[in-house]
Amino acid sequence: MKKDIPSHSSLSNDDISLFRQTITGAKVFKQDTHRFDTKPKVSQAKQFAQQKKQAQSEFFFSDVYIPDIDTHGTVKYVKPGQDTFLAKQLRRGDFAPDLTLDLHGLNKELAKDELAGLIHECKKQHYYCACVVHGIGGGVLKHKVPQYLVQHPDVIAMHQAPLEYGGRGAVLILINLPQSDEFRR
């Protein structure tokens, strides 16, 4: 396994012969490098949370059910049994959204997952009002997002957002928050 050293090498013949004497008896070893997956493993807790979020979005948001709300004009909805004045308060901007969800560029299925996640996060963080920016574009999400939100039991009111929050390309929603123990006394 001798290889010829190019003549333009900076090593002298004495250095080369010394090197050859030094490595006499050396054996070629087998390369045993292991390559590990670069993908991080998803913990069971995260996997369970993703499955729960997906199950919630599939359960609450159906494409088959079409509620009796006008999605071509000004979008407004108040859950039966709630004060109808909530819609007017949302229209006037009396409620400032604590969270804003931007759905630009998403399809219907991804939008359902994100809406379920938004409502879950609002309940978890005790946020009463949120803004969903769906955009106008082709109008698919503009019509579907209000239909999905009406189906969720925790959405108590919804109205087209005032201009400062997105106007015709967004809706403000109010979330039904569970009352904490200190308020139940």
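Modeller: A strand is a DSSP run of E, at least two residues, and strands are numbered from the N terminus. In this predicted model, His159 lies in strand 4, which covers residues 155–160.

Biologist: How do you know whether His159 is buried or exposed?

Modeller: Its relative accessible area is 5%. Buried means under 20%, so His159 is buried.

Biologist: Which residues does His159 touch, leaving out those up to four places away in sequence?

Modeller: His159 touches Thr74, Val75, Lys76, Ala87, Leu90, Arg91, Val171 and Leu172. Each of these has a heavy atom within 4.5 Å of one in His159, because that is what contact means.

Biologist: Where does strand 4 belong in the chain as a whole?

Modeller: The chain has 6 helices and 5 strands. From the N terminus on, the elements run α-α-β-α-β-α-β-α-β-β-α. Of the 185 residues, 33% count as buried.

Biologist: How do you know that the length of helix 5 agrees with what it should span?

Modeller: Helix 5 has 12 residues, 140–151. The expected span is 1.5 Å times one less than the number of residues, so helix 5 should span 16 Å. Its end C-alpha atoms are 17 Å apart, which agrees.

Biologist: What makes helix 5 largely enclosed by the rest of the structure?

Modeller: In helix 5, 10 of the 12 residues are buried, so the helix is largely enclosed. Among the buried residues are Leu141, Lys142, Pro146, Gln147 and Val150.

Biologist: What two values describe a pair of packed helices?

Modeller: The angle between their axes and the distance between the axes. For helix 4 (residues 108–125) and helix 5, the angle is about 40° and the axes are 11 Å apart.

Biologist: Why is helix 4 called oblique to helix 5?

Modeller: Angles under 35 degrees count as roughly parallel, and 65 to 115 as roughly perpendicular. About 40° falls in neither range, nor is it over 145, so helix 4 is oblique to helix 5. The contact is made by Lys108, Ala111, Lys112, Leu115 and Ile119 of helix 4 and by Val140, Leu141, Lys144, Val145, Tyr148 and Leu149 of helix 5. Helix 4 passes helix 5 in a right-handed crossing.

Biologist: Where is His126 placed, and what is its phi?

Modeller: His126 is in the loop between helix 4 and strand 3 (129–133). Its phi is positive, about 60°, although His126 is not a glycine.

Notes:
Residues numbered from 1 in each chain as written. Predicted model: local features only at pLDDT ≥ 70, side-chain atom pairs only at ≥ 80, totals over all residues. Heavy atoms only, no water. Helix = DSSP H or I, 4+ residues; strand = E, 2+ residues; numbered from the N terminus. Buried < 20%, exposed > 50% of the residue type's maximum accessible area, 1.4 Å probe, protein only. Axes fitted to C-alpha atoms, helices over the stretch in contact; angles between N-to-C directions. Left-handed = near helix turned anticlockwise from the far one by under 90°.
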